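Thanks for coming. I will go through the strands and then two loop positions, so please have the structure up in front of you.

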Amino acid sequence: MNRTLCLLIATAALTGCVTVPKPLQGQFATIAPETASTQAREGDLVRWGGRIVEVQPSAEQTCFEIVSRPLSDSARPVANADISAGRFLACRAGFYDPAIFTAQRDLTVTGRIIGFETRRIGEYDYRYPKLAAEVIYLWPQVNRTQVQYIHDPFWPGYGYWGPRPILIHRTPAPPPPASGG
C-alpha cells in the first residue's frame, strides 16, 4: 500500500514539473509550418520547433533552416525522427555560432510570419514559411538512459527488500556532423 501511494505521489509531482520555459510562454496561432501557406497570414505569431538542418550567418542576421516537429507539453520538439510537420526558416538579428547551433540539435522558435521563400531541396522546389524570430531557444542535448531491473530468483538477497542487479543502457547523443574541408 505504501509503495503504491509513494509511486502515485511521485508521478503527480513529476507531471506537475512539465512547464514551458519562460522565454517560450505566451499565446500563439495554432498553425503548423506544413499548412502555413494556406492558413497563415503575415504577422501571425507562432511557436514552432524542430531539428536544425542548416545555420546561415550573415552580416546582419542568422537564419536557421529547421525540419519542424510537433512540440511536447514543455515546447520541446518531440524526439521521434519519423515525424515532420514541414520545414521553415527562422531569422534573427545577430550572430549565432554554427559550431554551437549545429545540425541535428533541437530548437524552438517564437516569431512572426513575414512571408515565404522558395528554396531547393535536392531537385524539389520547397516553399518555406519565414519567421522574424523573437526567441531562439536551443535545447540541451539529451543522453537517453534506460534502467532495467533483473529479477533473478538465484541472486542472493532476492526478495521484496533485497538488492537486485541493475543494468543501465545509455544511448549517447549523436555526434556532431563532420565538417567538409
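Strand β1, residues 45-57, pairs with β2 in the antiparallel sense, over eight bridges. This is a predicted model, so please hear everything I say as a description of that prediction. How many residues separate the two strands? Three: β1 and β2 form a hairpin with three residues between them. If you want a pair to look at, take Q56, which stands opposite C63 in β2.

Now stay on β2 itself, residues 61-69. Eight of its nine residues are buried, which leaves the strand mostly covered.

Next, the other pairing of β2 on my list. Strand β3 covers residues 87-93, and β2 pairs with β3 in the antiparallel sense, over seven bridges. Two pairs will help you find your way. F64 has A90 in β3 as its bridge partner. For V67, the bridge partner in β3 is R87.

So β2 has β1 as an antiparallel partner, and β3 as another antiparallel partner.

From β3 we go on to β5, residues 124-138. In which sense do β3 and β5 pair, parallel or antiparallel? Here the sense is parallel, and the pairing runs over three bridges. The pair to click on is C91 with its bridge partner in β5, A132.

That is it for the strands. Now the two loop positions, both picked for their backbone angles.

As background, most residues other than glycine have a negative phi.

The loop between β2 and β3 contains A75. Phi of A75 is near 75°, so the value is positive in a residue that is not glycine. Is A75 buried or exposed? A75 counts as buried because its relative accessible area is 2%, and the cut-off for buried is under 20%.

The other position is Q104, in the loop between β3 and β4, where β4 is 106-121. Q104 also is not a glycine, and its phi is positive, at about 75°. Its accessibility is 45%, and therefore Q104 counts as partly exposed; to be called exposed, a residue would have to be over 50%.

To recap the loops: A75 has a positive phi and is buried, while Q104 has a positive phi and is partly exposed.

That is what I had. I can go back to any of the pairs if you want to see them again.

Note on methods. Residues are numbered from 1 along each chain as its sequence is written. This is a predicted model: local features need pLDDT of at least 70, side-chain atom pairs count only at pLDDT 80 or more; totals for chains, interfaces and linings use all residues. Side-chain values use heavy atoms; hydrogens and water are left out. Buried means under 20% relative accessible area, exposed over 50%, partly exposed in between (1.4 Å probe, protein chains only). Helices (H or I, at least four residues) and strands (E, at least two) are DSSP runs, numbered from the N terminus. Two strands pair if DSSP finds at least two bridges between them.
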